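This is a short guided reading of one protein model, meant for someone who has not seen it before. Keep the sequence and the 3D view open while reading.

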Amino acid sequence: MRTLIADHPLIDHKLTLLRDASTPTPQFAALVDELVTLLAYEATRGIATDPVEVQTPITTARGVRLARPRPMVVPILRAGLGMLDGLRRLLPQAEVGFLGMVRDEESLVAHTYADRLPADLTGRQVFLLDPMLATGGTLVAAINLLLERGARDVTVICLLAAPEGLHRLQDAFADRDLRVTCVCAGLDAKLNDKGYIVPGLGDAGDRLYGVV
């Protein structure tokens, strides 16, 4: 598994504003959108392309276009929805699937409650969106579901990760015949006894959409 922790002053600045408990919901949502667009440049570095030749106003030129089948973007509901537009801004050709997963607050085990994904993902690059990589349980379950449907190239985009979550992903997929990449804006110190990232930014879903 490949892990990339972004290193850029603009990302650090926006992430600091996200952490601030006084940042209001509209600004929080805008910052998430901006951060994902910045992360998307790195997350799409390995996107598949095919060679193509086009006619310019002067002559012909060789270039590339996105390969088929089209890549798929999968936000994990509900917090992942706040990241969707930021990635689609750079990748409007991608198709979008949805995956609803909820973590039991006592067992920390993730359960699927909504699935709007193709039955066959063979040959597709999948970009999985989830703001927080905490225990890693949700993302391991989500990636396993994608693998069961034929995906072999999955890029996870997160705002924050905890070392425990990264280690769990590494242990789960290190020896598998697939490509898993994790791109994060920041790596925090640890998890607390409730499975929340410290110092973190709180519950991303609640800060995006309110407490439900």
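In which loop does P199 lie? The loop that holds P199 runs between β13 (197–198) and α6 (204–209). The model is a predicted one, and in it the peptide bond from V198 to P199 is cis, with omega near 5°.

Another cis peptide bond joins R68 and P69, where omega is about -5°. P69 is placed in the loop between β3 and β4 (72–77). P69 is also one of the residues that R124 contacts once the neighbours of R124 within four places in sequence are left aside. The other contacts of R124 on that count are R70, P71, M72, E95 and D153. R124 itself sits in the loop between β7 (110–116) and β8 (125–129). Is R124 buried or exposed? Its relative accessible area is 13%, and because buried means under 20%, R124 counts as buried.

The loop of P69 follows on from β3, so the strand pairing that involves β3 can be taken next. Strand β2 (residues 49–55) pairs with strand β3 (residues 60–66) in the antiparallel sense, over seven bridges. The link from β2 to β3 is a hairpin of four residues. Two positions help to trace the pairing by eye. P51 has V64 as its bridge partner in β3, while V54 stands opposite A61 of β3.

The helices come next. Two packed helices are described by the angle between their axes and the distance between the axes. Helix α1 (residues 9–19) packs with helix α2 (residues 25–43) at an angle of about 155°, and their axes are 10 Å apart. Since an angle over 145 degrees counts as roughly antiparallel, α1 is roughly antiparallel to α2. Their crossing is left-handed. On the α1 side, the contact is made by L10, I11, K14, L15, L17 and L18. These meet Q27, F28, L31, V32, E34, L35, L38 and L39 of α2. Sorted by class, the residues of this contact are eleven nonpolar, one polar and two charged.

A second helix pair can be read in the same terms. Helix α4 (residues 137–148) and helix α5 (residues 163–173) have axes 9 Å apart and pack at an angle of about 30°. An angle under 35 degrees counts as roughly parallel, and therefore α4 is roughly parallel to α5. The crossing of α4 past α5 is right-handed. Here α4 contributes G137, L139, V140, I143, N144 and L147, and α5 contributes R168, L169, A172 and F173. The contact of α4 with α5 consists of seven nonpolar, two polar and one charged residues.

One residue remains to be placed, M132. M132 belongs to strand β9 (residues 132–133). How far apart are M132 and A162 in sequence and in space? They are separated by 30 residues along the chain, and their C-alpha atoms are 8.4 Å apart. Not counting residues up to four places away in sequence, M132 touches L160, I197, L201, G202 and A204. Among these, I197 belongs to the range given for β13 and A204 to the range given for α6. The loop that holds P199 lies between those two elements, which returns the reader to the starting point.

Definitions and conventions: Residues are numbered from 1 along each chain as its sequence is written. This is a predicted model: local features need pLDDT of at least 70, side-chain atom pairs count only at pLDDT 80 or more; totals for chains, interfaces and linings use all residues. Side-chain values use heavy atoms; hydrogens and water are left out. Axes are lines fitted to C-alpha atoms, for helices over the stretch in contact, and angles run from 0 to 180 degrees between N-to-C directions. Angles under 35 degrees count as roughly parallel, over 145 as roughly antiparallel, 65 to 115 as roughly perpendicular and the rest as oblique. A crossing is left-handed if the near helix is turned anticlockwise from the far one by less than a right angle, and right-handed if clockwise. Contact means heavy atoms within 4.5 Å. Ala, Val, Leu, Ile, Met, Phe, Trp, Tyr, Cys and Pro count as nonpolar, Asp, Glu, Lys and Arg as charged, and the others, Gly among them, as polar. Two strands pair if DSSP finds at least two bridges between them. Buried means under 20% relative accessible area, exposed over 50%, partly exposed in between (1.4 Å probe, protein chains only).
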